[in-house]
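Work through the exercises below with the sequence and the 3D view at hand. Each task is followed by a solution in steps.

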Amino acid sequence: MQKLILCSLWTLCFSLSIFAQNNTVQGKVTDQETQLTISQVRITTNKVSKGTTSETGNFSIRIENFPIKLTFTSDGYLQKTILLKKETSNLNITLEKEVIQLSEIVINSKNQKKLGIQKVSKISLQLRPINSAHDFLKTVPGLFIAQHAGGGKAEQIFLRGFDNDHGTDFAVLVDEIGINLSSHAHGQGYADLHFLIPETVQTADYYKGPHEVSLGNFAVSGAAKFSSKNKLHRNVAKLEYGQYNFVRALAMVSLLNESSFLTNNNENAYVAIEGTYNTSFFESDQKLRRLNTFAKYTLPLSDAHELKTSFSTFHSDWNASGQIPLRAVKSGLITRFGAIDDKEGGDTKRIHFNVQLSSRLSENTQLTNQLYYVSNKYNLFSNFSFFQNNPVNGDMIHQHENRNAYAYKGNISIKNLLKIPNSTTSFGWSFEHNNNTIGLNNAIGRTFLKAINKFDIEETNIALFLKERIQITPKLTALGGLRADYFNFNVNELVPTPQQGNTTAFRVSPKVSLFYDATNNIQLYAKASVGFHSNYANAAVKNSDVNPLPKAIGYDVGTEFKIGKKFVGNLAAFYLQSDAEFVFSPDGFEFENKGRSKRIGSEASFRYQPLPNFWLDTDLNYSFGTLLDAPKSENKIPSAPRFTSTGGATLRLQNGINTSLRYRYLGERPLIEDESVLAQEYFITDLVINYTKPKYQIGLSIENLFDTSWREAVFYDSSQLQGEPQPVDDIHFTPGTPFSTKLSITYFF
């Protein structure tokens, strides 16, 4: 018996010694203010890496001996070190946000959260005030937007020499929901962000070029991905009032905060409601009315599984003065804020329903599944040519659509699958089906006159991708993969001639990026990728001589660097070539293919912090685009921006005062292929001042500080005014915002 007891004791001691050598520490890292989890936090001891947190903020590391000091580090947060004396499976670490310091920005690829994302854009996002959903896009260096049919519809997007129309080659995603609407009644890839309540956004990631493997349709010039907050750390009530009868009201209220509703786990739910009214600065009142709602429920099913569901609605209606001819302003017929036909405008309704399930299958394996539904109803009245086609009643047209879209996405990510340190393998799949009825009518004012055409369109996209991140050497990291997209376009013409057309297309897109850490403060990168120019279903079916998925090839070379502790920069050169250049004709649901195109450009972005609470930044962007199948004298891409620049100064004081003074410059650009007509350049300045306290915030924003007269959207087309004997080719434009102010008051509770 004694021998048995001694043997048992010896076995117990031996087992304890083994466990002592493999002690496991598990826990979660959260934001001290918001209580939201933080992913990719670096955990080290004595400068030796012990691990990082997962996408859900969880971590699990093995410790050989106790006590031990663990240091938690993440960009934008104060570093935290703790002394741990024993093993634990429930270590909760909170990190405090700091005012962003350029000295803390990490350049080398090993410590980047996600390679390929524009880092300087992330810095800009933290420095600049965000007043609307489209302000997020303005933080992307070189991206410009323009509104040309009232404030209720999507803006025109310019990036890297692309006139993306409303999103043709620029992808937008919110909580992984594809926002671009293919074969929309008002253009291919229509991406309306007005449904997005800016205060609900937690993170934003930006991409340039076609290099991101997980992105397919629309992502040629670039992309933007937004993620909403999982929970509110405080309730918000906000009221904004500005010139021209601008009123915006917002309420965000937490419904559940770590309370048990369906399970015994910590559940969170909140709702946000936003309403806007604006008569605007036009002589004919715009009378924009917009109502947005958003609700989100986050349910941890277990330590390894988390379910997120969200529901959003968007409804707006408005009047518009449209694009006006320059000759009418110069002759004194109207002012620059007047209208030839002030009966333009429209209404739109959009609904999103989203379900996302994240599962941690093991310490190194993460699985995500997503289902979402999109409903979109749209009506737009426009008059581009005035009295050219109908000298008596005018040329008003009515574009309308009724869409239902269904999608499923999945992704599995495995670390060190290839037994290579710091490697990650991702395999993704997606299915999206759009069922859309679009139509075009003639109208008198907003009264139906005659149907021009009507189509039932079904479009299905099935995609697979394999993405691999490999750290080849301590200084060289490769990121690349392969993407395959299959499309089925089915167009059923109802008016004027009932007929049906169908076509399929398949595109394989290889992508590779190399990141070389020349020093701790200099990273060099080179990227080469294939993508595809997004295509309107009617064009895909009718143009049998053009591949339904025209190939696009992109190359980038550049560097991100730091000089000292106060200066961060990015220099890049790019080349983009597309096998097709489609131009949408809104008065006929047709596309004109201008043939192959190429764009060559360069970009420079600089961030400088001379004082702890003061930042300067500037972005310089140049692009030159040409049509490869046109003669040299007529091969310039219309409306393609060339030189653009944005920048400004930001001051954040400890007493709660934050000030941002910003400028935007868009240079001249050709409006027709021979460059004989140019769009006028503009330079405007905006100012924002906020005073923030724990319970409230007071803000003042001034657009166009120096009241510059500028043209926001510019086109060169033919039109005919009453009394003119024949059509006239002329510049048509919408005026940019004059000097205007807004005051906001926010209450936190």
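**Exercise 1.** Find the strand that holds Tyr747, and decide whether Tyr747 is buried, partly exposed or exposed.

Solution. Tyr747 lies in strand β43. The model is a predicted one. The relative accessibility of Tyr747 is 44%. Buried means under 20% and exposed means over 50%, so Tyr747 is partly exposed.

**Exercise 2.** Which nonpolar surface patch includes Tyr747, and which elements give two or more residues to the patch?

Solution. The patch covers about 940 Å² and is made by Val253, Leu255, Ile689, Tyr691, Tyr696, Ile698, Leu700, Leu743, Ile745, Tyr747 and Phe749. Two or more residues come from each of β16 (246-259), β39 (682-692), β40 (696-703) and β43 (740-748).

**Exercise 3.** Place Ser426 in its strand, decide whether Ser426 is buried or exposed, and list its contacts beyond four places in sequence.

Solution. Ser426 belongs to strand β24, residues 424-444. Its relative accessible area is 11%. The cut-off for buried is under 20%, so Ser426 is buried. With neighbours within four places in sequence left aside, Ser426 touches Asn411, Ile412 and Ser413, and also Phe465, Leu466 and Lys467.

**Exercise 4.** In what order do the four strands of the open sheet with β11 and β14 lie, and which strands are at the edges?

Solution. The order is β12-β11-β14-β13, with mixed pairing. The edges are β12 (177-178) and β13 (201-208), each paired on one side only. Strands β11 (residues 170-174) and β14 (residues 222-228) run parallel and are joined by five bridges. Opposite Leu173 stands Lys225 in β14.

Note on methods
Residues numbered from 1 in each chain as written. Predicted model: local features only at pLDDT ≥ 70, side-chain atom pairs only at ≥ 80, totals over all residues. Heavy atoms only, no water. Pairing = 2+ DSSP bridges. Buried < 20%, exposed > 50% of the residue type's maximum accessible area, 1.4 Å probe, protein only. Contact = heavy atoms within 4.5 Å. Patch = residues over 30% accessible without salt bridge, like charges linked within 9 Å, V, L, I, M, F, W, Y side chains within 5 Å. Areas by Shrake-Rupley, 256 points an atom, 1.4 Å probe, with all protein chains shown as cover. Salt bridge = Lys/Arg side-chain N within 4 Å of Asp/Glu carboxyl O.
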